[in-house]
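Please look through the model below with one aim in mind: to see how each descriptive label follows from a value and a cut-off.

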Amino acid sequence: MKKIILILTSLIAVLGCSSNDASSNIIETPENLIGSWKIVGYYTTFDIDAQPPTDNFHLVDYVNEITFNTNKTFSQIAGNANHTGTYSVSTDNVLTLNYTRNFPTEPNYSESVEISLLNETTLETKLYSNEFCGTDAVVGYKYNKIN
């Protein structure tokens, strides 16, 4: 449960730091991004300082999968919740997810993450926030491709 709260807190924190400037430098979707990805773990700024930093990689044992389609839409399963929306990638490797809410009373929202690694089998993203634990922080997520 703590892991879910940490990830949700990080995602909420990045909402306040999102910028609309990336929309002017949108590129074609990297071919390796298309497909389904499952989160396998995360680390935080505090873990990066450890030697070696990979010792503090936190494995994730709950369902969190995201599928990127060629038409720039995505679907995500996070625990018991299903999300959909559109996405874009900017020239500076910022992946922006534009979520469509399921209920009319809830507003749509966006979040942006930096793609730090993308190949045929691995996607790693980083969130930067100055609201996480009251200090500048980075939260990194690692996904493995499942199809």
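Q: How many aromatic pairs does a search of the whole structure find, and what makes two rings a pair?
A: The search of the whole structure, a predicted model, finds four aromatic pairs. Rings of Phe, Tyr and Trp (its six-membered ring) pair if their centres lie within 6.5 Å, and planes under 30 degrees apart count as stacked, over 60 as edge-to-face and the rest as tilted.

Q: Why is the pair of Phe 74 and Tyr 99 called edge-to-face?
A: The ring centres of Phe 74 and Tyr 99 are 5.1 Å apart with 85° between the planes, and because a pair needs centres within 6.5 Å and edge-to-face needs an angle over 60 degrees, both conditions are met. Phe 74 lies in strand β5 and Tyr 99 in strand β7 (residues 94-100), so this pair ties together parts that are 25 residues apart in sequence. Strands here are DSSP runs (E, at least two residues) and helices likewise (H or I, at least four), numbered from the N terminus.

Q: How do you know whether Phe 74 and Tyr 99 are buried or exposed?
A: Buried means under 20% relative accessible area, exposed over 50%, and partly exposed in between (1.4 Å probe, protein chains only). Phe 74 has a relative accessibility of 2%, so Phe 74 counts as buried, and Tyr 99, at 4%, therefore counts as buried too.

Q: What makes the pair of Tyr 99 and Tyr 109 stacked?
A: The centres of the two rings are 4.7 Å apart and their planes stand at 10°, so the pair of Tyr 99 and Tyr 109 is stacked. This pair links distant parts of the chain, with Tyr 99 in strand β7 and Tyr 109 in strand β8 (residues 109-118), 10 residues apart. Phe 74, Tyr 99 and Tyr 109 form one aromatic cluster.

Q: Why is Tyr 109 called partly exposed?
A: The relative accessible area of Tyr 109 is 24%, which lies between the two limits, so Tyr 109 is partly exposed.

Q: How do you know that the side chains of Gln 76 and Tyr 99 make a polar contact?
A: A polar contact is a pair of N or O atoms within 3.5 Å, where within protein one must be able to donate a hydrogen and the other to accept it, and residues adjacent in sequence count only if both atoms are side-chain atoms. The side chain of Gln 76 makes such a contact with the side chain of Tyr 99 at 2.8 Å. Gln 76 belongs to strand β5 (residues 73-78) and, with a relative accessible area of 9%, is therefore buried.

Q: Which residues is Gln 76 in contact with, leaving aside its neighbours within four places in sequence?
A: Contact means heavy atoms within 4.5 Å, and on that basis Gln 76 is in contact with Asn 64, Glu 65, Ile 66, Ala 81, Asn 82, His 83 and Tyr 99.

Q: What makes β4 and β5 paired strands?
A: Two strands pair if DSSP finds at least two bridges between them; strand β4 (residues 64-68) and β5 pair in the antiparallel sense over five bridges, so the requirement is met. In β5, the bridge partner of Thr 67 is Ser 75, and the two strands form a hairpin with four residues between them, where Lys 72 in the turn has a positive phi of about 65°.

Q: How many bridges join β5 to strand β6?
A: Six bridges join β5 to strand β6 (residues 81-90), and these strands run antiparallel. Ser 75 has Thr 84 as its bridge partner in β6.

Q: Why does Thr 125 count as buried?
A: Thr 125, in strand β9 (residues 122-129), has 5% relative accessibility and therefore counts as buried.

Q: How are residues numbered, and which pLDDT limits apply?
A: Residues are numbered from 1 along each chain as its sequence is written, and side-chain values use heavy atoms, with hydrogens and water left out. In this predicted model local features need pLDDT of at least 70 and side-chain atom pairs count only at pLDDT 80 or more, while totals for chains, interfaces and linings use all residues.
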